[in-house]
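Got the viewer open? Let's walk through this structure one selection at a time.

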Amino acid sequence: VLQISKDDVTALQCKVVCLIQNGNFKEALSVINTHTKVLTSDIIAFEKAYCEYRLNRIESALKTIQSASQQTDKLKELYGQVLYRLERYDDCLAAYRDLIRNSQDEYEEERKTNLSAVVAAQSTWEKVMPEDLGLREATYELCYNSACALIGQGRLNEAMKKLQKAEELCRRSLSEDSDVTEEDIEAELAIIHGQMAYIMQLQGRTEDALQLYNQIIKLKPTDVGLLAVIANNIITINKDQNVFDSKKKVKLTNAEGVEHKLSKKQLQAIEFNKALLAMYTNQADQCRKLSAGLQSQSPEHLLPVLIQAAQLCREKQHAKAVGLLQDFADQHPANAAEIKLTMAQLKIAQGSVTKACMILRSIEELQHKPGMVSALVTMYSHEEDIDSAIEVFTQAIQWYQQFQASQTTGAQGFPKSPVHLSLIREAANFKLKHGRKKEAISDLEELWKQNPKDVHTLAQLISAYSLVDPEKAKVLSKHLPSSDAMSLKVDVDALENSHGATYVRKKAGKLTGDNQQKEPGQGEVKKKKKKKKGKLPKNYDPKVTPDPERWLPMRERSYYRGRKKGKKKDQVGKGTQGSTTAGSSELDASRTASSPPTSPRPGSAAAVSATSNVIPPRHQKPAGAPATKKKQQQKKKKGAKGGW
């Protein structure tokens with residue numbers, strides 16, 4: 001048709017729709033743009049906007065929808081989807097409400113699902129308390145979205161129950177279709193299981209969460225957004241441990257198309273974790289590059305500058321890190337409090353406690369908080385700067401007096417604030433501890449005026465005056481209640497037998513014979529265990545003073561002279577082989593007169609042959625010859641083990 005008439009409107013429309021059905025969105029958009037004169041916005045607005053939406057050109061799709069002269073139901077449906085992708089949740093909610101109110105067809109359930117998704121997104125990303133839409137949670141999609149809204153409110157246990165219900169509904173609905181396999185069901189349940197694991201992670205059940213996350217990854221789901229979220233959550237569980245696994249998981253967050261599947265806050269969180277992982281793996285340049293990119297995208301955000309400061313601290317550049325934080329605090333006063341707290345922490349790490357105190361006192365919105373006052377007093381006490389610590393107390397008390405001056409006050413004109421009174425009491429205790437008795441007395445008097453019936457404060461005041469003005473202490477002691485008025489009626493037996501008693505008295509048994517004769521005032525005397533006498537040695541002599549060094553080992557005693565060498569050891573030859581010892585001459589038989597010569601002399605051969613009983617010297621076996629052979633054999637055997 002188009003070959004005959006290239007500008008035929010119906011043929012062009014049919015071609016565009018066919019290309020969209022086949023998923024060729026670029027080619028379909030190209031056809032629309034090349035025939036703008038024929039295919040006007042009134043005719044082809046929905047198809048053009050849909051192609052732009054599917055090509056992730058969301059801003060262009062919005063302009064196309066808004067430029068259409070007539071807003072059809074199809075365009076309104078697409079408009080709601082576009083607003084959701086642009087994270088304009090309030091406008092999106094209004095659009096879906098209008099659609100549900102003014103349309104009646106078979107797609108009502110899908111519209112309600114989309115409406116619940118918008119409410120869940122508001123609760124999660126904008127922390128808006130969702131209103132009850134009165135939607136009947138008949139499908140697993142509605143149950144899942146409701147669970148996401150509960151997670152945004154922090155109601156984790158309720159959210160887990162909703163997810164379990166969603167899992168049950170999903171299994172039931174998919175199992176009715178005979179063509180759906182168990183693998184298909186598990187793939188559909190992956191997003192529900194991922195949200196369950198996230199709840200476990202928030203509840204501190206990291207091992208269970210990690211196990212469920214890994215099970216989902218093994219299924220290899222096709223949703224790149226789901227994989228990216230799960231990989232990011234595993235990285236947050238690993239932190240600075242198991243870095244090799246985190247480096248593998250971070251690849252899943254870089255998959256193609258992830259940026260179109262996740263919200264801006266999700267993508268931002270992933271980038272933050274990439275920068276932290278680079279820091280943990282000592283990739284300083286990569287860490288600086290990522291954090292600088294994040295700071296350029298969100299100049300007012302705290303995390304990029306904190307990551308940069310942390311990296312500088314790892315490189316031992318603390319002064320540079322403090323300077324970086326100070327510059328950020330000057331440029332963004334709204335976030336100065338958190339930055340200054342980090343600066344103070346760095347100063348304390350460097351040992352500059354006084355400078356850290358100065359930084360903390362410069363945070364106006366926190367300097368009078370009880371926690372800040374406590375921290376400053378502790379730090380000044382550590383530095384033995386008692387005057388500055390007392391000054392912190394005084395400024396905080398004055399601030400509370402001025403702040404609450406317009407509210408209901410007590411009889412003396414001081415505000416009845418628990419924080420104010422507790423600060424005065426802590427100041428008094430601190431001054432007493434450090435010897436500032438007169439200053440402490442003025443604080444205690446002020447407390448007593450606020451509550452004259454407070455016996456504890458009065459006792460403290462009397463104790464303080466007893467060190468400074470004993471007469472005044474006697475006068476004040478008259479205000480103490482009498483001992484009769486202070487006596488407490490306490491059942492001692494019940495108290496001792498109570499669950500929290502550290503000592504429980506044993507119940508008295510039946511009285512017998514001797515016990516009955518005892519007077520009531522007499523108590524049982526505990527029998528002392530006799531110590532057994534130590535056994536004395538058999539050769540113990542009481543007249544002889546025992547050796548004071550008897551507890552020391554023999555080698556460590558002062559009179560130890562070493563062991564005496566035995567006689568047999570003296571006879572063993574020492575020195576080189578073949579040398580003679582001093583006593584060898586005595587054992588030499590050739591030296592004696594009766595012994596025959598050991599070797600023949602010249603000219604005496606007949607004498608040798610004549611004495612038939614004499615064995616020639618070469619035929620004699622030297623003494624100990626068999627033993628030496630055995631030793632040689634043993635040596636050879638030992639040598640054989642060496643692997644020769």
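Start by selecting Ser 263, which sits in the loop between α14 (258-261) and α15 (264-280). Helices here are DSSP runs of H or I with at least four residues, strands are runs of E with at least two, and both are numbered from the N terminus.

Before going on, a word about what you're looking at: this is a predicted model, where local features need pLDDT of at least 70, side-chain atom pairs count only at pLDDT 80 or more, and totals for chains, interfaces and linings use all residues. Residues are numbered from 1 along each chain as its sequence is written, and side-chain values use heavy atoms, with hydrogens and water left out.

Back to Ser 263: is it buried or exposed? Ser 263 counts as buried because its relative accessibility is 10% (buried means under 20% relative accessible area, exposed over 50%, and partly exposed in between, with a 1.4 Å probe and protein chains only). Show its neighbours too: leaving aside residues up to four places away in sequence, Ser 263 touches Glu 87 and Trp 125. A contact means heavy atoms within 4.5 Å.

Next, jump to Gln 308 in helix α17 (residues 302-314). Gln 308 is buried as well, at a relative accessible area of 15%. Which residues does Gln 308 touch, not counting residues up to four places away in sequence? They are Ser 291, Ala 292, Gln 295 and Leu 324. Try a distance label from Gln 308 to Ala 321: they are 13 residues apart in sequence, and 7.7 Å separates them in space, C-alpha to C-alpha.

Now zoom out. The chain has 32 helices and 0 strands, and buried residues make up 31% of its 644 residues. Take the contacts between residues at least 6 apart in sequence: 47% of them join residues at least 24 apart. Turn on the surface, and you have about 44,800 Å² of accessible area, 52% of it belonging to carbon and sulfur atoms (areas come from the Shrake-Rupley method with a 1.4 Å probe; for residues, only the protein chains shown count as cover).

Time for some charges. The structure holds 17 salt bridges, a salt bridge being a side-chain nitrogen of Lys or Arg within 4 Å of a carboxyl oxygen of Asp or Glu. Here are some to click on:

- Glu 137 and Lys 162: their side chains meet at 2.6 Å, N to O. This pair links distant parts of the chain, with Glu 137 in the loop between α7 (108-125) and α8 (140-152), Lys 162 in helix α9 (residues 156-175), and their positions 25 residues apart. Glu 137 is partly exposed at 22% relative accessibility, and Lys 162 is partly exposed at 23%.
- Glu 186 and Arg 171: the salt bridge spans 3.1 Å, N to O. Here Glu 186 is in helix α10 and Arg 171 in helix α9, 15 residues apart. Arg 171 is partly exposed, with a relative accessible area of 30%.
- Asp 245 and Lys 249: look for 2.8 Å, N to O. Both lie in helix α13 (residues 243-249), 4 residues apart, about one turn of the helix. Both Asp 245 and Lys 249 are buried.

Then select Glu 167, Arg 171, Glu 182 and Glu 186 together, since salt bridges that share partners join these residues into one network.

Last stop: Glu 188, in helix α10 (residues 182-202). Glu 188 is partly exposed, with a relative accessible area of 35%.
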